[in-house]
Amino acid sequence: QVQLVESGGVLLLPGGSLSLSCLSSGFDFISKYMQWYRQVPGKEHELVAAISPAEYTNYLRDLRGRFTISRDNAKSTLYLHMNTLQPEDMAGYYCTTWSGTMRHWGQGTQVTVSS
């Protein structure tokens, strides 16, 4: 079955940088569009970034230039590189993919930005 395991979330200071990873298994990663979402309690999840099998990318408008999504098809791993983190970036971060009409989610990894 589809498995998505995020890692890399930590507590860090505003202005810091962080990279998240999502190790995927149970599906043909190389042929799938992949996405990073984030969510804070009481708010709807929001799409952070997306990447195609050919590595075309799209970003939430306010994050473009500060966040970078990438993938390593040989390792079936999705990455999110985050720079100049702000308190507003504090959230659980999730990687996702689609199977038909079903979206698969990982367990998420928590990014905490605080002074």
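1. A search of the whole structure, which is a predicted model, finds three salt bridges. Four residues take part in a linked network of such bridges, namely Arg-38, Glu-46, Arg-66 and Asp-89, and the individual pairs are taken up in the next two points.

2. Arg-38 has two acidic partners to consider. With Glu-46 the side chains meet in a salt bridge at 2.6 Å, N to O, and with Asp-89 the closest N and O atoms of the salt bridge are 2.9 Å apart. Because Asp-89 lies in the loop between S8 and S9 while Arg-38 belongs to strand S4, the latter pair ties together parts that are 51 residues apart in sequence. As for exposure, Arg-38 counts as buried at 8% relative accessibility, whereas Glu-46, at 27%, counts as partly exposed; Asp-89 is buried, as is Arg-38.

3. Asp-89 also meets the side chain of Arg-66 in a salt bridge, with an N to O distance of 2.7 Å. This pair links distant parts of the chain, since Asp-89 sits in the loop between S8 and S9 and Arg-66 in the loop between S6 and S7, 23 residues apart. Both Asp-89 and Arg-66 are buried.

4. How many disulfides does the model contain? The count comes to one, formed by Cys-22 and Cys-95 with their sulfur atoms 1.8 Å apart, a separation that falls within the 2.5 Å cut-off applied to cysteine sulfur pairs. The link of Cys-22 and Cys-95 is right-handed, with 45° about the S-S bond. Since Cys-22 lies in strand S3 (residues 18-25) and Cys-95 in strand S9 (residues 91-99), the pair ties together parts that are 73 residues apart in sequence. Cys-22 is buried, at a relative accessible area of 0%, and Cys-95 is likewise buried, at 0%.

5. The largest nonpolar core holds 26 residues, and among these Trp-36, Leu-80, Met-82 and Tyr-93 touch the most other members. At least two residues of this core come from each of S3, strand S4 (34-39), S5, S7, S8, S9 and strand S11 (109-113). For a reader who wishes to inspect one of these residues in detail, Tyr-93 offers a long list of contacts once neighbours within four places in sequence are left aside: Glu-6, Leu-20, Trp-36, Tyr-37, Arg-38, Val-48, Phe-67, Leu-80, Met-82, Gly-108, Thr-109 and Val-111. Arg-38, a member of the salt-bridge network, is thus also one of the residues in contact with Tyr-93.

6. Which strands make up the open sheet of four, and in what order? The order is S1-S3-S8-S7, with antiparallel pairing. Strand S1 (3-7) and S7 are the edge strands, each of them pairing on one side only, and from one strand to the next the twist averages 15°. At the S1 edge, S1 and S3 pair in the antiparallel sense over five bridges, and within that pairing Leu-4 has Ser-24 in S3 as its bridge partner.

7. At the other edge, S7 and strand S8 (residues 77-82) pair in the antiparallel sense over six bridges, with Arg-71 standing opposite Leu-78 in S8. The hairpin of S7 and S8 has four residues between the strands, and in this hairpin Ser-76 takes a positive phi near 50°.

8. The two faces of strand S7 (residues 67-72) can be told apart by their cover: Phe-67, Ile-69 and Arg-71 form the covered face, while Thr-68, Ser-70 and Asp-72 form the uncovered one. In a regular strand the side chains alternate between the two faces of the sheet. On the covered face, Phe-67 is among the residues in contact with Tyr-93, and Arg-71 is in contact with Ser-52.

9. Is Ser-52 buried or exposed? Ser-52 is placed in the loop between strand S5 (46-51) and strand S6 (57-59), and it is buried, because its relative accessible area of 6% falls under the 20% limit used for that class. Leaving aside its neighbours within four places in sequence, Ser-52 is in contact with Tyr-33 and Arg-71.

Key: Residues numbered from 1 in each chain as written. Predicted model: local features only at pLDDT ≥ 70, side-chain atom pairs only at ≥ 80, totals over all residues. Heavy atoms only, no water. Buried < 20%, exposed > 50% of the residue type's maximum accessible area, 1.4 Å probe, protein only. Pairing = 2+ DSSP bridges. Contact = heavy atoms within 4.5 Å. Core = buried A, V, L, I, M, F, W, Y, C linked by side-chain atoms within 4.5 Å. Axes fitted to C-alpha atoms, helices over the stretch in contact; angles between N-to-C directions.
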